[in-house]
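Work through the exercises below with the model open beside you. Try each task before you read its solution.

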Amino acid sequence: MSKSGLFVGLITLDFIYLADSPPQNNQKLVATDYTVAAGGPATNAAVTFSHLGNQSTVLGVLGSHHITQLICSDLENYQIAIIDLYPYGKRPPPVSSIVVTQGTGERAVISINAVKTQANITSIPANILQDIDIVLIDGHQMEVSKIIAQSANIQNIPVVIDGGSWKPGFAEILPFVNYAICSANFYPPNCENQEDVFAYLQNFNIPYIAITQGENPIQYLTPDQSGVVNVPKIQPVDTLGAGDIFHGAFCHYILETNFIEALALAGNIAAEACKHFGTRPWLNLNV
């Protein structure tokens, strides 16, 4: 059965290049391929959630700059609804330039996040959580996310955080989180290793915690057990957006099955996406 997800956070325009390596100082490179797509952790997760048969809404700052038409056009292709927290803003949306290294799939990214486009909580529409089954927060709209997380918690709507990296303000959201899915680069204050991270998150009574580690097994902790979930061994073509895609797939599967199985199935989706250049080509496959 189709579910509805609200994805709160960053909306960008991504320019993605495939090259032999990232450029060095004063070096000009000719890319072997390129693509353009809407991006951002919450946005890519929403696309994945929609692709798996659900209804996705992205809540973030877009504005009225002409570049936003490219973002809207891309997301329309995947039936993504957008709720713009600052629709009359004239500032261009955040743009990311990414170089993917041909042969390894590693990516180098230069971008600007949502620091300059923080929305006011008064912009949150009334009844934003009506008919929503799950909420994902990527940490790029902290004040708005806190209100959403609190409201979701009261209404027993599960809240997932995409802990790609620690961001100031996360600590105020963590008490309302059901699923903390973090990367190996997620280090809260005074945390020096993954044991510290698990302990830090446990202090907020988060029942389900996982740390992804790229091609290495996912570490997880539940109220009953801890362990690892293996991920498929592949030859990556492009790792850009793998974490975002993982989070979107997790949001789909956690509404259908248990935590450990959801991690494994999401890992399969993310691995498949890494076999293709860009964040969209894998969507044309039957996964």
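**Exercise 1: a covered helix**

Task: list the buried residues of helix 1.

Solution. The buried residues of helix 1 are Pro41, Ala42, Thr43, Asn44, Ala45, Ala46, Val47, Thr48, Phe49 and Ser50. Buried means under 20% relative accessible area, exposed over 50%, partly exposed in between (1.4 Å probe, protein chains only). Helix 1 spans residues 41–51, and 10 of its 11 residues are buried. Gly53 follows helix 1 and has a positive phi, near 105°.

Ground rules: this is a predicted model, where local features need pLDDT of at least 70, side-chain atom pairs count only at pLDDT 80 or more, and totals for chains, interfaces and linings use all residues. Residues are numbered from 1 along each chain as its sequence is written, and side-chain values use heavy atoms, leaving out hydrogens and water. Helices (H or I, at least four residues) and strands (E, at least two) are DSSP runs, numbered from the N terminus.

**Exercise 2: the sheet**

Task: find which strands stand at the edges of the open sheet.

Solution. Start with the order: nine strands run 5-4-1-8-9-10-11-12-13, with mixed pairing. Strand 5 (80–84) and strand 13 (226–229) each have a single partner strand, so they stand at the edges, with one side of each left without a neighbour in the sheet. Two strands pair if DSSP finds at least two bridges between them. Next, take strand 12 (residues 216–221): four bridges join it to strand 13, and the two run antiparallel. Gln219 has Val228 of strand 13 as its bridge partner. Finally, add a helix. Helix 7 packs on the sheet and touches strand 10, strand 11, strand 12 and strand 13. Contact means heavy atoms within 4.5 Å.

**Exercise 3: two helices crossing**

Task: describe how helix 6 meets helix 7.

Solution. First, the geometry. The axes of helix 6 (residues 242–253) and helix 7 (residues 259–273) come within 8 Å and cross at roughly 140°. Helix 6 is therefore oblique to helix 7. Angles under 35 degrees count as roughly parallel, over 145 as roughly antiparallel, 65 to 115 as roughly perpendicular and the rest as oblique. Then, the residues. Helix 6 contributes Ala242, Ile245, Phe246, Ala249, Phe250 and Tyr253. Residues from helix 7 include Phe259, Leu263 and Ile269.

**Exercise 4: one serine**

Task: is Ser145 buried or exposed?

Solution. Locate Ser145 in helix 3 (residues 142–154). Its relative accessible area is 0%, so Ser145 is buried. Ser145 touches Val8, Ile137 and Ile173, not counting residues up to four places away in sequence.

Notes. Axes fitted to C-alpha atoms, helices over the stretch in contact; angles between N-to-C directions.
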